[in-house]
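Student: I have a structure to look at and I am not sure how to read it. Could you walk me through some of its features?

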Amino acid sequence: METFSESAEKILQKLQVTPDGLTSEEAARRLKRYGENRLREEEKISVWAIFRQQFQSVLVWLLIVAVLISLLLGDVLESVVIGFILVANSVIGFLQEFRAEKALEALKRISGLKAKVLRDGHVVKLETRLLVPGDIILLETGDRIPADARLLELMNLESQESMLTGESTPVNKTTEEVSPEAPLAERFNMVYSGTIVAKGRAMAVVTGTGMETELGRIAELLADEKDGRRSPLQKKINRFSRRLALIVIVAAVLMFLLTWLSGEDLLETFKTALSLAVAAIPEGLPAVVALTLAKGVQRMVKKNAIVRHLPAIETLGSSSVICSDKTGTMTVNRMSVRKIYADGSELEVGEGNPSEAAGAQDLELLFRIGALCNDARPDPDGGIFGDPTEAALLLSAKQHGLDSLELQGRYPRIDEIGFDSERKMMSTLHDVSGAGMVMYTKGAPDVLLMQCTHVMMNNQEVPLDDALYRDILQKNEAFAQNALRVLGFAWKRVHSRDDFTENNLVFAGLQAMNDPPRQEVIDAVARCRSAGIKVVMITGDQKLTAEAIGRELGITGRAMTGADLEEIDDIGEVVEDVSIFARVSPEQKINIVEALQKKDHVVAMTGDGVNDAPALKQADIGVAMGRGGTDVAREASTMVLTDDNFASIVKAVEEGRAIFDNLRKFVFSLLAGNISEVMIIILAVLVGLKLPLVAIQILWINLVTDGLPALALGFEPKAPNIMRRPPVARLSFIVDRLMIIRLVVVCFVITAGCLGLYINALYSTGWSWGEALDSASPDYLYASTMAFTSLVILEMVNAFHAKSETENIFTLKAFSNPWLTGAVAFSLVLHLVVLYSPLNHVFHSVPLGIADWGIILGVSAVLILADSIFKTVVKQRQAGVWR
């Protein structure tokens, strides 16, 4: 039932309860009927199910095949290495377990407190799990509300509902019924489970418990949400693996048939074909993904972001839309006075020195009233405890040289008239030592002005005529239109307690405040715009407030409310045009995220409240607030910001893009080597040559001299222009058209160079075309060593080329990545050990002379030249030189 749209009397009748509460017997019956006031337990995910999920990847199955192939070849070391990578990959996947269950457990921790309840006509304390619909509960300042309830009686009640609604300030409550169409944030006669009483006291009747509360409804959304969606990175790797698997099978079978038909030894042919298959399988890809992501996570910790699931950081780098909460993320999460009006003029806070301004005494009076007609108090930690609006007034006074504790000593409070929603004012009476008493009042400007007869001008009390009255109201409206919360301030001298009444006041001025935007966020939003990322503000605040903050932050576009969305059949029709959503429900947040995802956007969603948790789970990456966020939001997220700052998200986007860049560099380097190896073997067989490379040489190149430099590319520094490019599309392939063309150029040079050196070496020994070669002959071993070594060196050179897709080896910082430099140096040393130690017998190689090295380096120079020309052409085409 819509308990907020009917009178309290009707609700009591429907719930069959009197103002004295339920009897113990009736409560016991209802407990059996409705169940305990706690969230429903969900079936736990088994460890076996999570383990099984790790083997649903095509890449994992390819790795298992690679282990079996290596065992078949008798290479135990190869099997151990690949097996270790397989285990490491499974551990990475295991990190993504239990997210939904943890979020629900965090929701359940909100319950478990005790509540004051009327039972059998007496106030008793009960565990909140024993509450039932119809229970009368008593609330006071600081209480966590134990269930959804309809207010019956109250005194100055305000509740902090930001965890549910996103509303940044406490909500004034009433007992009057509201419209049936009122959104959650505007049901002022209701209080909700899990929220907190910020001020006042009340009596309320429980209308919903357990899963029937707003909190329970959000838990239901979390439980229903499927958590099996893969990240864009996982999808791209799986697509890459499937395509590569097909190529591997075709190449291995073709190579085996051609070599066998040419008369080569069957066993050696089989071993070489299998070796090529192993070489083509990217067993280093999971390792480079894990290492690159782990390195990115370490960098992000230093930038105030904790990544809970490794693939999340790359996902954020692919984001094309960031949906962000306003309060605390884009704003400072602290009400601050932004503008004041006194002595007939407007002043920006922080602008100039008030003590030197005209009417400085009037300003001092304005700040003094704000500090003394105030229930907020400084806390020992340097902050301010109390209502955010009153805290802003204390801070405003402090910034202008007035200490609230010192003022309280000079003007002790001796009486007060508390604020209520009908009068919309608060007044305090103060003793002025040796000068009688003074009354200070603050409240809604339009109401306050009606009780004023004079206004302060140049430290003088002048009559409040119609012209001044209109000017003040116009200023109030102008402030309000900029989404500023405006309070009016007045005072009067009091000669006796009978005169302590809210009339015949002297108007002192206005103070206008809001939760100001973080300065660094303005720059972050601009960076998102240049990076092709749309920023969408989703907030529980009023539309006018959200639009004003959006303008300051540079968020342009249409604004809509939750009520507007209710009238639209398909959100997808408008979601691309809207940049600000105000007063939206948890379900609507999910719908917004889903609509963006259906438009092929990669969506990042930030939030801090329970109401944000379902949308955080639905988004491609959920970003929770670590400082001001709830446990529920953190458990539903994949990344947590320790500083609750939108600017940190943009830094994470930059890291994510760098990770994807480095994965492309790794894949390019790996494919260039693997494709060249396959082409060298196949072309040699096609033209009738003996195999230039044997199985162990291929495996050695693949695991050591090719694999280590490629892995090191995962630690490349990010490109300077990384945030001036559009985001990577959700379904874009790691290997795109430009990379394919580049691979053709590089692989052609490597293949031609290796085969050319192999044939040249054979001719230099007196061999003639068509002459049979023995596998143990010195001539064949020399020629094979030249092909083997030239392939190693060319792949090392190519690793440096892979550092950039547009800069050649002469213009990029070749040694900016110490990991790559070290990996290449280490691989070169290992290769020299293979050539010039007894190990050369194991690897079917012989030592090379200085002249041989000179020839190999000459061929390497051709690769450098070809890569430089290719990148120059690409840059000129991108710059529009060639049309």
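**Reading salt bridges and surroundings**

Tutor: Let's begin with one residue: arginine 217 is partly exposed, because its relative accessible area is 28%. Keep in mind that this is a predicted model.

Student: Which side chain does arginine 217 meet in a salt bridge?

Tutor: Here is the general idea: side chains of opposite charge can pair when their charged atoms come close. In this structure, arginine 217 pairs with glutamate 587, at 1.9 Å from N to O. Arginine 217 sits in helix H8 (residues 214–224) and glutamate 587 in helix H21 (residues 586–598), so the salt bridge ties together parts that are 370 residues apart in sequence. Glutamate 587 is partly exposed as well, with 26% relative accessibility.

Student: How many salt bridges does the structure hold?

Tutor: There are 36 salt bridges. Another one joins aspartate 415 and arginine 497, whose closest N and O atoms are 3.6 Å apart. This pair also links distant parts of the chain: aspartate 415 belongs to strand E14 (residues 413–417), arginine 497 to the loop between strand E19 (485–494) and strand E20 (505–514), and they are 82 residues apart. Arginine 497 is partly exposed at 46% relative accessibility, and aspartate 415 is partly exposed at 28%.

Student: What about aspartate 867 and arginine 742: are they buried or exposed?

Tutor: Both are buried. They form a salt bridge too, with 3.9 Å between the closest N and O atoms. Aspartate 867 is in helix H30 and arginine 742 in helix H27 (residues 737–764), so here the bridge connects parts 125 residues apart in sequence.

Student: Which residues are linked in a network of salt bridges?

Tutor: Look for Glu36, Arg38, Glu127 and Arg129.

Student: Now for other kinds of neighbours. Where is aspartate 120 found?

Tutor: Aspartate 120 is in the loop between strand E1 (114–119) and strand E2 (122–127). With 40% relative accessibility, aspartate 120 is partly exposed. To read its surroundings, set aside the neighbours within four places in sequence; aspartate 120 is then in contact with Leu22, Thr23 and Ser24. Its side chain makes a polar contact of 2.5 Å with the side chain of serine 24. You can also compare sequence with space: glutamate 26 is 94 residues away along the chain, yet the two C-alpha atoms are separated by 9.9 Å.

Student: Is tryptophan 700 buried or exposed?

Tutor: Tryptophan 700 is buried, because its relative accessible area is 18% and the cut-off for buried is under 20%. This residue is part of helix H25. Between tryptophan 700 and histidine 831 there are 9.2 Å from C-alpha to C-alpha, although they are 131 residues apart in sequence.

Student: Where does serine 837 lie, and what does its side chain reach?

Tutor: Serine 837 is in the loop between helix H29 (818–836) and helix H30 (850–878). Its side chain reaches the backbone oxygen of valine 833 at 2.4 Å. Serine 837 is buried, at 17% relative accessible area.

Student: Which residues form a nonpolar patch on the surface?

Tutor: The patch is made of Ile675, Met679, Leu683, Leu686, Val687, Tyr763 and Trp769, and together they have about 630 Å² of accessible area. Helix H24 (residues 646–686) supplies the largest share, four residues. Valine 687 lies in the loop between H24 and helix H25 (695–705), and is partly exposed at 42% relative accessibility.

Notes:
Residues are numbered from 1 along each chain as its sequence is written. This is a predicted model: local features need pLDDT of at least 70, side-chain atom pairs count only at pLDDT 80 or more; totals for chains, interfaces and linings use all residues. Side-chain values use heavy atoms; hydrogens and water are left out. Helices (H or I, at least four residues) and strands (E, at least two) are DSSP runs, numbered from the N terminus. Buried means under 20% relative accessible area, exposed over 50%, partly exposed in between (1.4 Å probe, protein chains only). A polar contact is a pair of N or O atoms within 3.5 Å; within protein, one must be able to donate a hydrogen and the other to accept it, and residues adjacent in sequence count only if both atoms are side-chain atoms. Contact means heavy atoms within 4.5 Å. Patches are made of residues with over 30% relative accessible area and no salt bridge: like charges are joined within 9 Å, nonpolar side chains (Val, Leu, Ile, Met, Phe, Trp, Tyr) within 5 Å. Accessible areas come from the Shrake-Rupley method with a 1.4 Å probe; for residues, only the protein chains shown count as cover. A salt bridge is a side-chain nitrogen of Lys or Arg within 4 Å of a carboxyl oxygen of Asp or Glu.
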